[in-house]
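Thanks for asking me to look this one over. Here are my notes, point by point, to read alongside the structure.

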Amino acid sequence: MTKSYHTVQKKESLQDKATRLLLEFTKDIITFTTQEESVLRETIKVKSFPKGTLAIEEGEFSNIECYFVLKGCMRKFYLIDGEEKTTGFYTEGQPVNITTSQQKNMPCGFYLECLEETLVMLGDAEGEANFFAQFPRFESICRKQSEEMVGELEQAMAQYIISSPEQRYLSLLKNRPELLARVPQYHLASYVGVKPESLSRIRKRILQRRNS
């Protein structure tokens, strides 16, 4: 009788998965040694949120300065007179600022919802300082990347303010088309600043122009 042997594959831990994804995002910017990868795996703080979870709520106090999305999709919104106003969507490789040095000891002013099962790396001043103390060569690289991200966010916000709802939707089509398949239309409508039925009319006009 022939015995069959099955290799049981070890399930990837949350910490290992987070490290692997982070290394994939940073491979074109930073090269880690084996030792550095090991320290990174042991020291990074990660958290997983089920779909539909509010990762942050208005009025909460948090010592986390940012989330870095490793997997999933998050929606930032404000509650104004009982109505949700969506201001951003964050997917793989994007940071979400929670607090800044100027906002410490102040309650959060917005909500952060996980539209998908989401894995994030938690960023705080203490953890960042400890890592840079061990590997100072990364500090200037990370600072530069942070400055570039802040500049991009400021540019995106300025463009959002001066754009019409249709222009905002066209910008999504051009720059982040994957969101159309990952985000419900009523959230997209909130983001561009219209009701869902108005967004349907905008989409229809765009389609008609493209087919004419």
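1. A word on terms: helices (H or I, at least four residues) and strands (E, at least two) are DSSP runs, numbered from the N terminus. With that in hand, Asp 81 can be placed in the loop between strand 4 and strand 5. This is a predicted model, in which local features need pLDDT of at least 70 and side-chain atom pairs count only at pLDDT 80 or more, while totals for chains, interfaces and linings use all residues. Residues are numbered from 1 along each chain as its sequence is written, and side-chain values use heavy atoms, with hydrogens and water left out.

2. Do have a look at the hairpin. Strand 4 (residues 74–80) pairs with strand 5 (residues 83–90) in the antiparallel sense, over 7 bridges; two strands count as paired if DSSP finds at least two bridges between them. One of the residues to click on is Phe 77, whose bridge partner in strand 5 is Thr 86. Between the two strands of this hairpin there are 2 residues.

3. What is the phi of Asp 81? Its value is near 50 degrees, which is positive in a residue other than glycine. Most residues other than glycine have a negative phi. Asp 81 sits in the turn of the hairpin and is exposed, with a relative accessible area of 82%. (Buried means under 20% relative accessible area, exposed over 50%, and partly exposed in between, using a 1.4 Å probe and protein chains only.)

4. Next to the turn in the picture, try the charged pair on strand 5. The side chains of Glu 83 and Lys 85 meet in a salt bridge, 3.8 Å from N to O; the term stands for a side-chain nitrogen of Lys or Arg within 4 Å of a carboxyl oxygen of Asp or Glu. Glu 83 is partly exposed at 34%, and Lys 85 is partly exposed at 36%.

5. Now the open sheet. It is formed by 4 strands in the order 1-8-3-6, with antiparallel pairing. Its edge strands are strand 1 (45–49) and strand 6 (95–97), each of which pairs on one side only. Neighbouring strands here are turned by 30 degrees against each other on average, direction ignored. (Axes are lines fitted to C-alpha atoms, for helices over the stretch in contact, and angles run from 0 to 180 degrees between N-to-C directions.)

6. Within that sheet, strand 3 (residues 66–71) and strand 8 (residues 118–123) run antiparallel and are joined by 5 bridges. Phe 68 has Met 121 as its bridge partner in strand 8. Helix 1 (residues 14–26) lies across strand 1, strand 3 and strand 8, at about 90 degrees to strand 3; contact means heavy atoms within 4.5 Å.

7. Which residue forms a salt bridge with Glu 92? The partner is Arg 182, at 3.1 Å from N to O. This pair links distant parts of the chain, 90 residues apart: Arg 182 is in helix 6 (residues 179–182), and Glu 92 is in the loop between strand 5 and strand 6. Arg 182 is partly exposed at 22%, and Glu 92 is partly exposed at 26%.

8. Finally, Arg 209 and Glu 166 form a salt bridge with the closest N and O atoms 2.4 Å apart. Arg 209 lies in helix 8 (residues 196–211) and Glu 166 in helix 5 (residues 165–175), so the pair ties together parts 43 residues apart in sequence. Arg 209 is partly exposed at 45%, whereas Glu 166 is buried at 18%. The structure holds 13 salt bridges, and Glu 12, Arg 20 and Glu 24 are linked in a network of them.
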